[in-house]
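Me: I'd like to practise reading a structure feature by feature. Could you take me through this one, giving the general idea each time and then the case at hand?

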Amino acid sequence: MSESRRRSIAKAVSFRVIATIVTAALVFILTGDWRISGIVGVVDALSKLILYYFHERAWEKVCWGKIK
C-alpha cells in the first residue's frame, strides 16, 4: 500500500492546525500577549508543516510495519 502526496499534505495540514492552536494558546498563557502568540503560531505552523511533509514522505519509503 502507498500513500499519495495529496494525502500526506492533507494529514500534515490537519495536524498542524491542531498543533498550532495548542502552541499559540500555550504562548498566550505564558506571555499574555496575543501578538506574540500569533507570531509564534504562524512561524511554528509554517516550519513544522514543511518538516512534517518530508518526514511523512521519508517514512513512505520504509517498508517496516506495512501490511499488504
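Me: Let's begin with Val17: where is its place?

Reply: This is a predicted model, so keep that in mind throughout. Val17 sits in helix α1. With a relative accessibility of 47%, Val17 counts as partly exposed, because that class covers values from 20% up to 50%.

Me: Which residues make a nonpolar surface patch with Val17?

Reply: Val17 joins Ile9, Val13 and Ile21 in a nonpolar patch of about 340 Å² on the surface.

Me: And Phe15, is that residue buried or exposed, or something in between?

Reply: Phe15 is partly exposed, at a relative accessible area of 45%. Its place is in helix α1, which covers residues 5-31. For a feel of what lies across from this position, take the C-alpha atoms of Phe15 and Ala45: they are 9.7 Å apart, although 30 residues separate the two along the chain.

Me: Now the charged residues. How many salt bridges does the structure hold?

Reply: The idea is to look for a Lys or Arg side-chain nitrogen within 4 Å of a carboxyl oxygen of Asp or Glu. The structure holds three such pairs.

Me: Which residue forms a salt bridge with Glu56, and where do the two partners lie?

Reply: Glu56 pairs with Lys11, and their closest N and O atoms are 3.2 Å apart. This pair links distant parts of the chain, as Glu56 is in helix α2 and Lys11 in helix α1, 45 residues apart. Helix α2 itself takes in residues 34-60.

Me: How does burial compare between those two partners?

Reply: Glu56 counts as buried, because its relative accessibility is 15% and the cut-off is under 20%. Lys11, at 27%, is partly exposed. Beyond its neighbours within four places in sequence, Glu56 is in contact with Glu3 and Ser8 as well as Lys11.

Me: What about Arg16: which side chain does it meet in a salt bridge?

Reply: Arg16 meets Asp44, at 2.6 Å from N to O. Arg16 lies in helix α1 and Asp44 in helix α2, so this salt bridge ties together parts that are 28 residues apart in sequence. Both residues are buried, with Asp44 at 9% relative accessibility.

Me: Which other residue forms a salt bridge with Asp44?

Reply: That is Lys48, with closest N and O atoms 2.8 Å apart. Here both residues belong to helix α2, four residues apart, or about one turn of the helix. Lys48 is partly exposed, at 40%. Arg16, Asp44 and Lys48 are therefore read together, as they are linked in a network of salt bridges.

Me: Let's step back to the whole chain. How many helices and strands are there?

Reply: The chain has two helices and zero strands. Its radius of gyration is 15 Å, well over the 11 Å given by the globule rule for 68 residues, so the chain is more spread out than a compact globule. The C-alpha trace spans about 50 × 20 × 15 Å along its principal axes.

Me: What share of the residues is buried, and what makes up the accessible surface?

Reply: Of the 68 residues, 22% are buried. The accessible surface comes to about 5500 Å², and carbon and sulfur atoms account for 74% of that area.

Me: And how much of the contact pattern comes from residues 24 or more positions apart?

Reply: Among contacts with a separation of 6 or more, such residues account for 68%. The Glu56 and Lys11 pair, 45 residues apart, is one to look at in the model.

Conventions. Residues numbered from 1 in each chain as written. Predicted model: local features only at pLDDT ≥ 70, side-chain atom pairs only at ≥ 80, totals over all residues. Heavy atoms only, no water. Buried < 20%, exposed > 50% of the residue type's maximum accessible area, 1.4 Å probe, protein only. Patch = residues over 30% accessible without salt bridge, like charges linked within 9 Å, V, L, I, M, F, W, Y side chains within 5 Å. Areas by Shrake-Rupley, 256 points an atom, 1.4 Å probe, with all protein chains shown as cover. Contact = heavy atoms within 4.5 Å. Rg over C-alpha atoms; globule rule 2.2 N^0.38 Å.
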